[in-house]
Structure formats: C-alpha cells, structure tokens
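Please work through the exercises below with the sequence and the coordinates at hand, and try each task before reading its solution.

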Amino acid sequence: MEHLQDVGAGNLREQVVAHVRADIVSGRTPPGAVYSVPGLATELGVSTTPVREALLELTRSGLLVAMRNRGFRVELLTLSALDSLFTMRELLERFALETLARQGVKDRDSLIALADKVSDAVAAENLPKYVTTDRAFHEALVGQVGNPFLTRTVMQLRDDMRLYGIDSPEGRLRQKQSVKEHYQMVDLADQGKDKEASDLISRHILSWKPLFEAALAQYS
C-alpha cells in the first residue's frame, strides 16, 4: 500500500476520505467490512487523527456506520436505493447540463484539464484515481452552473452510489467509453446544444446502471 503524503492535517484527512470512499464505492471494500482507525492509520502511514476525522465524515455521508469500540462498518446499499439514486442523479445532472448549455461554459480549459486527468487514470488502469478524478470532473461541470445547492446535492447523490462491478472487464470498458463522453459533454455545453448535452449525460449515467445492479445483487 502506497502511503499518503503528509502535507498538512486537513489535506491528509481529505486524502483518507478520498481513499476510503474510492475503496467503498468501487466494491473493493465490501459491505459489512469494518475499518479500524489504528489499522487504517498504519496501512496508510499516517497518524490516527486524520483517519478518525475522515471515517467520521464518511459516516455522515452514509457510507459507514460507527460501532462503539469496534470501528466503522461499511453499509450495504439496497437495489431499491440504487435505483432511486440513479433516478435522482439523472434528473438533476440532466437539468444541470441543460442549464449550463443555455448559460454558457465559463471555463472550458479547466474542464478539459479534468477530463484529461480522468483519461490518464483510465489509461493507467488506476481505479482509485479514476474514481477521484471522475468525481472532480462532474463536480466542476455542475459547479459551472453557479448553483452551490445543486452542486452539493448532485455530489451527495454521487457519493451515496456504489460502483460495484467497475473493476470488472465490462466496467473497464465502460470507463474507456465514458472518457470520450466527458469531452463531448464539454463541447456540447460550450456550443449551447442543451438538448444534445442533456441526452448525453442521461446516457452517460444510465449506461452504468445494469452493471452496478448486477454486481450489487450478489450482496442482496
């Protein structure tokens, strides 16, 4: 395990959050698994303080449940909940892309730079980096609408997802396909093509659904 970089307590906490979130949402850490603060701190080569803070933050987002004197347990997401998350994500992100296309992209270069990072992560087959960079791209894309409440809600929905199956052959193929779609989203929004942009984000989101459902079914 590659240790995290000690560049400030706040940054370390954020790194631990990103690391644990990626492991949970990708299914690398399965439902029912328990994180120990001392154990995870040793694994990551950091002190217990940022680890404890990170795990507590992830309990607030619903990914973990704190167990008294026993650590933090990974919560199971039901198929019904997954279906509801996809419904809400498509609804809000479609609205976001339509709005952005009508308003106009404010900073195309920053979005392209983030799309490049996702592409690099997929090319390197670095799943934790893919999860982190893909999240950053979508946060920036929705963020350009200029509605912080919308951005916060969309990102919370994304963080509640479980991307089980993402590291399978089908999941890696879908990752490669999604890379091209990121650039297309930016282009369509930048050109003011609201209908095309919103249709693309719907396909972009819903194309993952059968993969996630099939993988999640084994835990239900």
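The exercises that follow go from the overall fold to the sheet and then to one residue in a loop of this predicted model.

**Exercise 1. Overall fold**

Determine how many helices and strands the protein has, in which pattern they follow one another, and how the radius of gyration compares with the globule rule.

Solution. Begin with the count, which gives 10 helices and 3 strands. Next, read these elements along the sequence, where they follow the pattern α-β-α-α-β-β-α-α-α-α-α-α-α. The radius of gyration is 18 Å, close to the 17 Å that the globule rule gives for 220 residues, so the protein is as compact as a globular protein of that length. Along its principal axes, the C-alpha trace spans about 55 × 40 × 35 Å. Finally, turn to the contacts: among those with a separation of 6 or more, 73% are accounted for by residues 24 or more positions apart.

**Exercise 2. Surface and charge**

Work out what share of the residues is buried, what area the protein exposes, and how far apart the centres of the positive and negative side chains lie.

Solution. Taking buried to mean under 20% relative accessible area, one finds that 47% of the 220 residues qualify. The protein exposes about 10600 Å², of which carbon and sulfur atoms supply 51%. For the charges, 27 positive and 30 negative side chains enter the calculation, and the centres of these two sets are 3 Å apart.

**Exercise 3. The sheet**

Establish the strand order of the sheet, and explain why strand 1 and strand 2 each have one side without a neighbour.

Solution. The sheet is open, its 3 strands have the order 1-3-2, and the pairing is antiparallel. Strand 1 (34–35) and strand 2 (64–67) stand at the edges and have a single partner strand each, so one side of each is left without a neighbour in the sheet. Strand 2 is joined to strand 3 (residues 71–74) by 4 bridges, and within this pair Val65 stands opposite Arg73. These two strands form a hairpin with 3 residues between them, and Asn69 in the turn has a positive phi of about 60°.

**Exercise 4. A loop residue**

Locate Tyr164, and decide whether this residue is buried or exposed.

Solution. Tyr164 lies in the loop between helix 7 (148–160) and helix 8 (169–190). With a relative accessible area of 2%, Tyr164 is buried. Leaving aside neighbours within four places in sequence, the contacts of Tyr164 include Ile24, Val25, Pro31, Leu211, Phe212 and Tyr219. For Val25, which is 139 residues away along the chain, the C-alpha atom is separated from that of Tyr164 by 6.7 Å.

Methods:
Residues are numbered from 1 along each chain as its sequence is written. This is a predicted model: local features need pLDDT of at least 70, side-chain atom pairs count only at pLDDT 80 or more; totals for chains, interfaces and linings use all residues. Side-chain values use heavy atoms; hydrogens and water are left out. The radius of gyration is taken over C-alpha atoms; the globule rule is 2.2 Å times the number of residues to the power 0.38. Buried means under 20% relative accessible area, exposed over 50%, partly exposed in between (1.4 Å probe, protein chains only). Contact means heavy atoms within 4.5 Å. Accessible areas come from the Shrake-Rupley method with a 1.4 Å probe; for residues, only the protein chains shown count as cover. Lys and Arg count as positive and Asp and Glu as negative; His and the chain ends are not counted. The place of a charge is taken as NZ of Lys, CZ of Arg, CG of Asp or CD of Glu. Two strands pair if DSSP finds at least two bridges between them.
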